[in-house]
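Hi,

Here is the structure I promised to pass on. Have a look at it first, and then read on for what I found in it.

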Amino acid sequence: RSVQFHKGCPISRAPLEPARPVDLERAVRDFPELTFGVHHLALPYFEECVYLAARNPNVVLVLSGTMHLPFVAPWDFKQYLGRLLRDVGSDRLLWGSEAPITGNPRPAIEWFWNMQIDDELQERHGYPAITELDKRRILGLNQARLFNVDPKAPKQGAGSNV
């Protein structure tokens, strides 16, 4: 039911063209029953990524590859997120940390949880404020819905008494 694509964030001297998300457009339309996850916001092809998701409800965008930005360019990250909230909606954004590369994701999660979209960005661009529900969706509720996981169900697994 779900397929995911590495778009953007080319590694090393890899060619840029395959990182563009526009090659997904036909498949997105031909298979509306599938959910297409686009990782890394297709950076540096953010505009194409937003337009693809805004026009196709079966596209979700994964924030992987962008969670270092709050520490080096917080304003840029807020601009990306504000645009996504306005044009795509928080119900189709998924958390992604790149933890195997960047290390413990806790600082990024804490920053994200405490972050707000600045008034200036809201006034200048019409971005909405980010709500607690938006944050909960992005941090896990959307993935739970996508993979049919009930986040309120009792936990089972190693060490569980259930």
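To start with one residue: which helix does Glu-47 lie in? Glu-47 belongs to helix H2, which covers residues 46-55. Keep in mind throughout that this is a predicted model. Is Glu-47 buried, exposed or partly exposed? Its relative accessibility is 36%, and because buried means under 20% and exposed over 50%, Glu-47 counts as partly exposed. I also checked Glu-47 against Glu-110: the two are 63 residues apart in sequence, and their C-alpha atoms are 27 Å apart in space.

Now the overall layout. The protein has eight helices and four strands, and along the sequence they follow the pattern β-α-β-α-β-α-α-β-α-α-α-α.

The four strands make up an open sheet in the order E1-E2-E3-E4, with parallel pairing. Its edge strands are E1 (2-6) and E4 (93-94), each of which pairs on one side only. Going through the pairs around E3:

- E2 (residues 35-39) pairs with E3 in the parallel sense over four bridges, and Val-38 stands opposite Leu-61 in E3.
- E3 and E4 are also parallel, over two bridges, with Val-62 opposite Leu-94 in E4.

What about the faces of E3 (residues 59-62): which residues cover each side? Val-59 and Leu-61 are on one side, Val-60 and Val-62 on the other, and all of them are buried, so both faces of the strand are covered.

A few whole-chain numbers to finish the picture:

- The radius of gyration is 16 Å; a compact globule of 162 residues would have one near 15 Å, so the two agree.
- Along the principal axes, the C-alpha atoms fill a box of roughly 50 × 40 × 30 Å.
- 40% of the 162 residues count as buried.
- Of the contacts between residues at least 6 apart in sequence, 70% join residues at least 24 apart.
- The exposed area is about 9400 Å², with carbon and sulfur atoms supplying 54% of it.
- There are 19 positive and 19 negative side chains, and the centres of the two sets lie 4 Å apart.

If you open the model yourself, I'd begin at E3 and its two faces, then go on to Glu-47 in H2.

Cheers

Notes. Residues numbered from 1 in each chain as written. Predicted model: local features only at pLDDT ≥ 70, side-chain atom pairs only at ≥ 80, totals over all residues. Heavy atoms only, no water. Rg over C-alpha atoms; globule rule 2.2 N^0.38 Å. Buried < 20%, exposed > 50% of the residue type's maximum accessible area, 1.4 Å probe, protein only. Contact = heavy atoms within 4.5 Å. Areas by Shrake-Rupley, 256 points an atom, 1.4 Å probe, with all protein chains shown as cover. Lys, Arg positive; Asp, Glu negative; His and termini not counted. Charge placed at Lys NZ, Arg CZ, Asp CG, Glu CD. Pairing = 2+ DSSP bridges.
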